[in-house]
Amino acid sequence: MQKSNYLTSLLVSCALLLPMQIFAGVGDIAHKAAQYAEATYQDEMTESLRQLMLFNTTAKTGLASTDNPAHQAFKAELAKQAKQLGLDFIDYGYVVVIGLGDSDQRVGMITHGDIQPFNAKKWAQSPLILDQISEPGKLVGRGTEDDKGPISNALYAMKSIKDLNIKLNKRIELYVYMAEESDWQPLREHIKLYSLPQVNITLDAEYPVVTAEKGYGTISMTFPTKHYSSSKSYISEFSGGFFGSQIPEDAHATIENADKKLLAQIQKLAKSQAGMTYNYQWQGKRLSISALGKSAHSSKPEHGINAITHLAEILAVKHWPNNTSGALVNFINEHLGTGLYGEKFGDIAYSDDFMGPMSVSPTVLKTTDKGIALNINIRRPTGKTTKQLEDEINSTLANWQQKNQIKLLDVSNEINEPFVQRDAPQIETLLEVFSFYTGIADAKPVSIGGGTNSRLFPSAVSFGPSMPGTEYTGHSEHEFITKKQFILNLKMYTAVLIKLAK
Ligand SMILES: [Zn+2]
């Protein structure tokens, strides 16, 4: 890595002085094609994205992508666009491959066409309609960043290469998987039957190059229904969250037999929190509290403000009676808190030098006929075995149950392995292109909390679409990509494809 960084910084410093010489760094042909793409296809590419966004490609429980009419319509639109651009199109069901050129040697781009759910009330207009007006300079809507924007980028990078008749030694393939957000099994099945490109880039995370991804995990449990009544104050309802991989921005609590003194104590704690908004409502002696935080991708809990943990924290004015909601609030305060890394969850917290700390985020509370189900999303680096983690989680849960004389129901841990890519010959090329187009000279591979399909493809690493150090908005209720980034991605993908396929 040292050598490549030295080379990249040298090239970038040269760029200021000797514009012609720098072309040798990215390559004259690659750079000219990137410029051509930028000059020719900004509007068409935006229109492509607008069309792709119109289809609500969220996963429907119990309905296969191949039977889902919105997914079928989305793929028909993709087929139409590919045909118009002169690219070949193969529909394998859950997997669509759009190709350019003819060779056994292939370069793959990995994307997905499904989206996460959204709460339409939180958007200026339907997030399925590309919004270019509400926030100047931004393309706002579901899928702009994750992951329909990159599909349009890839299509027009391929189209530009085709227009210019650039001779490539390798075929380029764009993979669009239809269940990345919900179920990776159909992709695993596909891979058993069909061979994949030898070298791949995933367009579903961030720059410069992602060589490690934390393992996704879920800890779940149900706090059993316990009918309760008292003349003293108690929590009768606690709810919040939307879906498993979103840091929740909404939460709600109801307290019975509350009084002004209790409210003052709660409000005092609320004042010490930054970024939360609370709404208090009285109905006789019943106090309802609505909490508004900030949603974010659960792999980036630092970018959000978790409404569930913050609401629980302001309720920590006392130890509540252990009815269903009270036990839940007590548990959250004792073992989760507003920290992001499992600091209070027994011994589970740990960190890796390159991959960073494990994150531990309660994301969804769901009332079922058995009680309230708590879903905790974790993202774990290398450094502990799954067995060790499970033992530590179970021991904390066992102690808590013992101490509180409560039997939690449906306790389960599902913890996936972290992924580290050690075999990706294209990394130096990706870093060179990134440095050339961004002016960031000391680009180095990074690790992320999110999990992408990189781990299922040979020699795959993520390359964009988001800039390092910026807020990732996929999975949030304010998803966007800046127009500038959208164009920059087109240029970088065009240049990179030429360099990797020549
Ligand atoms: Zn994604």
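Is D204 buried or exposed? At 10% relative accessibility, D204 counts as buried, where buried means under 20% relative accessible area, exposed over 50%, and partly exposed in between (1.4 Å probe, protein chains only).

Welcome to this predicted model, in which local features need pLDDT of at least 70, side-chain atom pairs count only at pLDDT 80 or more, and totals for chains, interfaces and linings use all residues. Residues are numbered from 1 along each chain as its sequence is written, and side-chain values use heavy atoms, with hydrogens and water left out.

**The zinc site**

D204 helps to coordinate the zinc ion, together with H112 (NE2) and D146 (OD), at 1.8 to 2.2 Å. Donors here are N, O and S atoms within 2.8 Å of the metal (3.2 Å for Na, K and Ca); water is not among the atoms, so sites may look incomplete. Along the chain, the spacing of the donors is H-x33-D-x57-D. D146 sits in the loop between β4 (138–140) and α5 (148–163), while D204 is in the loop between β6 (199–202) and β7 (205–206), 58 residues apart. Helices (H or I, at least four residues) and strands (E, at least two) are DSSP runs, numbered from the N terminus. D146 is buried too, with a relative accessible area of 3%.

**Backbone details**

Two cis peptide bonds can be found here:

| Residues joined | Omega | Place of the proline |
|---|---|---|
| Y207 and P208 | about -5° | P208: loop between β7 and β8 (210–213) |
| G464 and P465 | about 10° | P465: strand β24 (residues 465–466) |

S459, a residue other than glycine, has a positive phi near 40°. S459 lies in the loop between β22 (446–448) and β23 (460–462).
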